[in-house]
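This report describes a protein model in terms of its annotated spans, its domain interface and its unusual backbone geometry. The sequence and structure are shown first.

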Amino acid sequence: MKKLGLRTKGPETMAALAGVVSAAVVLAVAELIGAFFTARATPVFALGSTFIDFTPSWMKDFAIATFGTNDKAALFVGMGVTIALLACVLGVVAYKKWALGVLGVLFMGAVIVAAVLTRAGVGPADAIPSVLGTIAGLIVLRRLMVPLWRMKAWPEAPADVAADADRQVGGAGTSRRRFFAAAGITAVAAGIAATGGRLLGAARNNIAQARNALTLPAPVKAAPPVPAGVQSPVAGVTSWLTPNNEFYRIDTALSVPEINVEDWVLRVHGMVEKEITLTFQDLLDADLIESHVTLTCVSNPVGGKLAGNAKWLGMPIREVLAMAKPKEGADMVLSTSIDGFSASTPLEVLQDDRDAMLAIGMNGEPLPIEHGYPVRMVVPGLYGFVSATKWVVDLEVTRFADSKAYWTERGWSERGPIKTMARVDVPGSFAKLKAGKVAVGGTAWAQTRGITKVEVQIDDGDWVEATLSTEASTITWRQWSYEWDATPGMHYVKARATDSTGEVQTDKRADPVPDGASGWQSVAVTVE
Ligand SMILES: Nc1nc2c(c(=O)[nH]1)N[C@H]1C(S)=C(S)[C@@H](COP(=O)(O)O)O[C@H]1N2
Ligand SMILES: [Mo]
């Protein structure tokens with residue numbers, strides 16, 4: 001025990017601590033200085049985002065499955081532990097061989113700068129906070145090392161330190177006290193700097209306030225009124241219109257991009273006759289349309305909740321493209337967000353009459369920040385990963401043969417038409433029911449084709465037609481209900497949909513990768 005106590009206070013351990021304090025200084029200084037410039041690419045978030053980009057898909061899926069919506073918190077904890085361990089090693093290295101320690105710190109600094117600079121929408125100036133942070137970290141590391149070197153005549157300590165007469169005067173005890181005082185004060189200062197940076201960034205960039213103050217223009221073409229009877233009469237079926245705060249959210253953004261409408265510009269370029277840029281004011285001045293569209297995520301498992309239906313307000317992308325005039329041979333538009341996500345959408349889909357839009361409004365409000373404020377794409381009929389770019393800032397007219405989108409590079413499909421799907425909302429999995437009349441209900445979608453039939457099967461019985469709720473349009477989901485005369489025992493309730501082409505939803509089970517899950521949902525229930 002005593003031995004251990006001595007060892008934990010040994011110079012090596014103190015050097016490791018010095019490494020951790022110095023790393024905290026690097027990040028805190030960069031965070032504080034970064035707040036004065038921009039909140040776009042501070043080192044912590046840049047490192048985290050880079051980490052996400054390099055994470056293999058299976059690990060991402062694992063993180064989402066294990067930590068759910070805490071996956072990002074888990075990432076930061078993991079990153080913090082990794083950085084702390086590396087910093088410990090660097091501290092010890094610097095103590096034993098200063099020059100090698102300096103090299104190590106510079107290498108880490110270079111990694112941070114690279115992480116920042118590879119974020120989309122950043123310029124060379126965005127590297128300044130990380131460079132200054134690294135310099136500050138080196139200075140602190142050096143200052144913390146001096147008392148350690150003085151604790152004993154370390155043969156390889158730098159000449160000026162070894163020769164210092166002060167070493168003999170105070171002795172090891174003084175050096176130790178000095179070290180802990182300096183390390184403590186520095187750690188507190190780093191904490192204050194980091195907090196200050198965060199607060200300053202928040203105050204400078206109060207996007208939420210700007211969003212609240214924004215009033216949206218009325219559309220030139222309003223959404224057709226929602227007919228009565230779109231909602232399934234069965235209690236517990238998802239609301240036909242999904243409220244913004246219940247709308248599923250899927251993206252790779254660690255910190256939600258914060259964009260000032262004054263700064264927002266959309267560049268339309270590539271294979272076009274005329275390159276154009278649009279400002280937010282251009283969008284406000286355009287002939288806006290409004291439309292109910294059901295968005296669906298390709299990662300949605302059979303029976304999953306990653307789909308939502310909202311009323312979107314925006315400018316038809318068709319009209320934006322008409323101004324830019326795509327050239328012969330182009331077949332794709334690569335849309336890119338301010339944080340580097342990209343989606344490949346077939347050009348003709350953006351030009352036909354399905355009302356693909358640059359949306360600025362969602363259910364009568366400006367887009368919520370996490371749903372793409374101030375501008376996102378909404379394209380009826382395609383999964384979000386190839387169409388629904390949030391925080392969109394760039395449209396490149398190109399060819400599938402020439403460019404790949406974010407998820408296509410990671411093993412997903414380059415195209416993503418939405419597959420026909422029926423979902424059972426009620427009863428829930430493993431529900432305990434009373435024998436007799438049981439209400440069954442849910443929703444179904446086949447965007448752009450429309451749902452013409454939903455059938456229900458109990459165990460291995462016949463497929464029986466459910467009652468369809470009113471169809472609002474072919475690009476929104478359609479709800480359904482069914483009355484089941486339940487008998488005691490354990491049962492399976494299945495559902496399948498048919499679209500307007502007459503095609504019955506396939507029973508072939510497929511995973512979400514690469515182009516969307518398929519198969520029939522089967523809900524197990526017990527009837528007493
Ligand atoms: N910038 C950005 N836009 C994005 C994504 C993203 O990761 N980053 N994810 C896409 C995916 S996979 C889906 S399903 C939809 C989800 O939109 P929502 O979060 O508004 O529901 O956004 C799309 N747009
Ligand atoms: Mo998605």
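Residues 179-201 are 100% helix and 0% strand, with end C-alpha atoms 32 Å apart; helices (H or I, at least four residues) and strands (E, at least two) are DSSP runs, numbered from the N terminus. The model is predicted: local features need pLDDT of at least 70, side-chain atom pairs count only at pLDDT 80 or more, and totals for chains, interfaces and linings use all residues. Residues are numbered from 1 along each chain as its sequence is written, chains are lettered from A and ligands numbered from 1 in the order in which they are written, and side-chain values use heavy atoms, leaving out hydrogens and water.

An unreviewed UniProt entry places the feature "transmembrane region" at residues 73-93, 100-121, 127-145 and 179-201. The same kind of record, also unreviewed, places "domain: Oxidoreductase molybdopterin-binding" at residues 254-407. UniProt positions follow the numbering used here, feature names are shortened, and annotations may be inferred rather than shown by experiment.

| Span | Helix | Strand | End C-alpha distance |
|---|---|---|---|
| Residues 127-145 | 95% | 0% | 27 Å |
| Residues 179-201 | 100% | 0% | 32 Å |
| Residues 254-407 | 12% | 37% | 17 Å |

An automatic or database assignment supplies the domain bounds: domain 1 (2-204), domain 2 (244-410) and domain 3 (421-527). The C-alpha centres of domain 2 and domain 3 are 30 Å apart. Their contact (heavy atoms within 4.5 Å) takes 22 residues from domain 2 and 20 residues from domain 3. Between them the two domains bury about 1500 Å², 62% of it on carbon and sulfur atoms; buried area is the accessible area (1.4 Å probe) that two parts lose on being put together, summed over both.

One salt bridge is found across this interface, by the rule of a side-chain nitrogen of Lys or Arg within 4 Å of a carboxyl oxygen of Asp or Glu. Asp425 and Lys305 form a salt bridge through their side chains (3.6 Å, N to O). Strands E3 (289-296) and E4 (307-316) each supply at least two residues of the side of domain 2 that touches domain 3, and E3 gives the most, with six residues.

Most residues other than glycine have a negative phi, and most peptide bonds are trans. The Tyr373 to Pro374 bond is cis, with omega near 5°, and Pro374 lies in the loop between strands E8 (365-366) and E9 (376-378). A cis bond also joins Val513 and Pro514, with omega about 0°. Lys325, not a glycine, has a positive phi of about 55°.
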